[in-house]
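Below are some notes on the fold, set out point by point for checking against the coordinates.

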Amino acid sequence: MAALSDNQAPAVVQAVTHFLPGDMKWSPEPARPRDIVATARVRGSGGMGIRTVQAGVLTDRLDRDLPKDHPAIVDFHKAQPIRRLAAEPGESPASLADRYALTTDGVDTVVLRVKNRTELSECPMSAKRGLLPENVMRRIDDLAG
């Protein structure tokens, strides 16, 4: 936010665009990725969304073993209500997370998070499903706490 308040704002802002802080939260201050990219848009900066599925946390299953107290494991369990929400219309949690990032005000592009061809083929389908309605965005934010 300090860089965006400078007289010369950056051309592009790279910001985490998922809804759980996990292992990307390094400071005691609240994470504010949606505020960052929205402010970037107001300042005329582009917005690049990264880590849309939070390193696998917002998928059906993690692809690696981690200690039980690792932030990714904690958030994986915390994301169970998000998985249920995604399943309501028959969507994968990764697709829902991608659409959340694309719907975030100020995000112009996202960095794909694929690890295999199945995930790669799902990305265009997520984009075709379109932006999420505001009530779904609010539900996700409420579920993520």
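1. The model is a predicted one. Helix 2, residues 33-43, lies across strand 1 and strand 2, and runs at about 165° to strand 1. Since angles over 145 degrees count as roughly antiparallel, helix 2 is therefore roughly antiparallel to strand 1.

2. The sheet is open and has 3 strands in the order 1-2-3, with parallel pairing. Strand 1 (12-16) and strand 3 (109-110) are the edge strands; each has a single partner strand, so one side of each has no neighbour in the sheet.

3. Strand 2, residues 46-50, runs parallel to strand 3 and is joined to it by 2 bridges. Met48 has Thr109 in strand 3 as its bridge partner.

4. The largest nonpolar core holds 22 residues, and the members touching the most others are Phe19, Leu20, Val57, Leu58, Leu96, Leu132 and Ile140. Two or more residues of this core come from each of helix 3 (71-78), helix 4 (80-87), helix 5 (93-103) and helix 7 (134-144).

5. Leaving aside residues up to four places away in sequence, Leu132 touches Leu96, Arg99, Tyr100, Thr103, Met137 and Ile140. Another core, of 8 residues, lies apart from the largest one; Val13, Val37, Ala101 and Val110 are among its members.

6. Helix 5 packs against helix 6 (residues 117-129) at an angle of about 55°, and the axes are 9 Å apart. The two helices, helix 5 and helix 6, are therefore oblique to each other, and the crossing is right-handed. At this contact, Ala94, Ser95, Asp98, Arg99 and Leu102 of helix 5 meet Glu122, Cys123, Ser126, Ala127 and Arg129 of helix 6.

Methods: Residues numbered from 1 in each chain as written. Predicted model: local features only at pLDDT ≥ 70, side-chain atom pairs only at ≥ 80, totals over all residues. Heavy atoms only, no water. Pairing = 2+ DSSP bridges. Helix = DSSP H or I, 4+ residues; strand = E, 2+ residues; numbered from the N terminus. Contact = heavy atoms within 4.5 Å. Axes fitted to C-alpha atoms, helices over the stretch in contact; angles between N-to-C directions. Core = buried A, V, L, I, M, F, W, Y, C linked by side-chain atoms within 4.5 Å. Buried < 20%, exposed > 50% of the residue type's maximum accessible area, 1.4 Å probe, protein only. Parallel < 35°, antiparallel > 145°, perpendicular 65-115°, else oblique. Left-handed = near helix turned anticlockwise from the far one by under 90°.
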